[in-house]
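Look at the sequence and the structure below before starting. Work through each exercise on paper, then compare with the solution.

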Amino acid sequence: ASLFPSIDDDTFNDVDYIQSSTNPTADVCKLSLSNLFDPPGGVTQPFTIYYRYRKDGPGTIDLTVRLLQGVTVIAQWTHSNIGTDFLNGAQTLTAGEFAAITNFTDLYIELQAN
């Protein structure tokens, strides 16, 4: 189910986050983006994905972020050795990545801690 109806995009606070488990190597979180496109055909390039991320506690954590259409990976990027302060993440799709999207109602963001 999509989490976006319960997220307040205008006020950033700890209510709007997803926390990984105590075993981050097993954590994969998949979020639907389908509710963000109204109308779906109105999306144009540049297409940028925005998010915030941080870790809590010691150890080294990398975060891999994927944009998926269904199960097909459209784009993938990694943040290495993330810190304990919130950082803004932003990823703009290349023209080829954007052209690979054929259905904007079936887009997901997948976050994997490792």
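The exercises below concern this predicted model.

**Exercise 1.** State which pattern of helix and strands the chain follows along the sequence.

Solution. Begin with the count: the chain has one helix and six strands. Next, put them in sequence order, which gives β-β-β-β-β-α-β.

**Exercise 2.** Find the residues that form the salt bridge, and decide whether each is buried or exposed.

Solution. Step one: the structure holds one salt bridge. Step two: its partners are Arg 66 and Glu 110, whose closest N and O atoms are 2.9 Å apart. Step three: Arg 66 belongs to strand β3 (residues 63-69) and Glu 110 to strand β6 (residues 107-113), so the pair ties together parts 44 residues apart in sequence. Step four: apply the cut-off, by which buried means under 20% relative accessible area. Arg 66 has 14% relative accessibility and therefore counts as buried. Glu 110 has a relative accessible area of 15%, so Glu 110 is buried.

**Exercise 3.** Locate Phe 47 in the chain and decide whether Phe 47 is buried or exposed.

Solution. Phe 47 sits in the loop between β1 (28-32) and β2 (48-53). The relative accessibility of Phe 47 is 8%, so this residue counts as buried. As a further step, compare positions: Phe 47 and Gln 91 are 44 residues apart along the chain, and their C-alpha atoms are separated by 8.4 Å.

**Exercise 4.** Describe burial and contacts for the whole chain.

Solution. Of the 114 residues of the chain, 34% count as buried. For contacts between residues at least 6 apart in sequence, 73% join residues at least 24 apart.

How values were computed:
Residues are numbered from 1 along each chain as its sequence is written. This is a predicted model: local features need pLDDT of at least 70, side-chain atom pairs count only at pLDDT 80 or more; totals for chains, interfaces and linings use all residues. Side-chain values use heavy atoms; hydrogens and water are left out. Helices (H or I, at least four residues) and strands (E, at least two) are DSSP runs, numbered from the N terminus. Buried means under 20% relative accessible area, exposed over 50%, partly exposed in between (1.4 Å probe, protein chains only). Contact means heavy atoms within 4.5 Å. A salt bridge is a side-chain nitrogen of Lys or Arg within 4 Å of a carboxyl oxygen of Asp or Glu.
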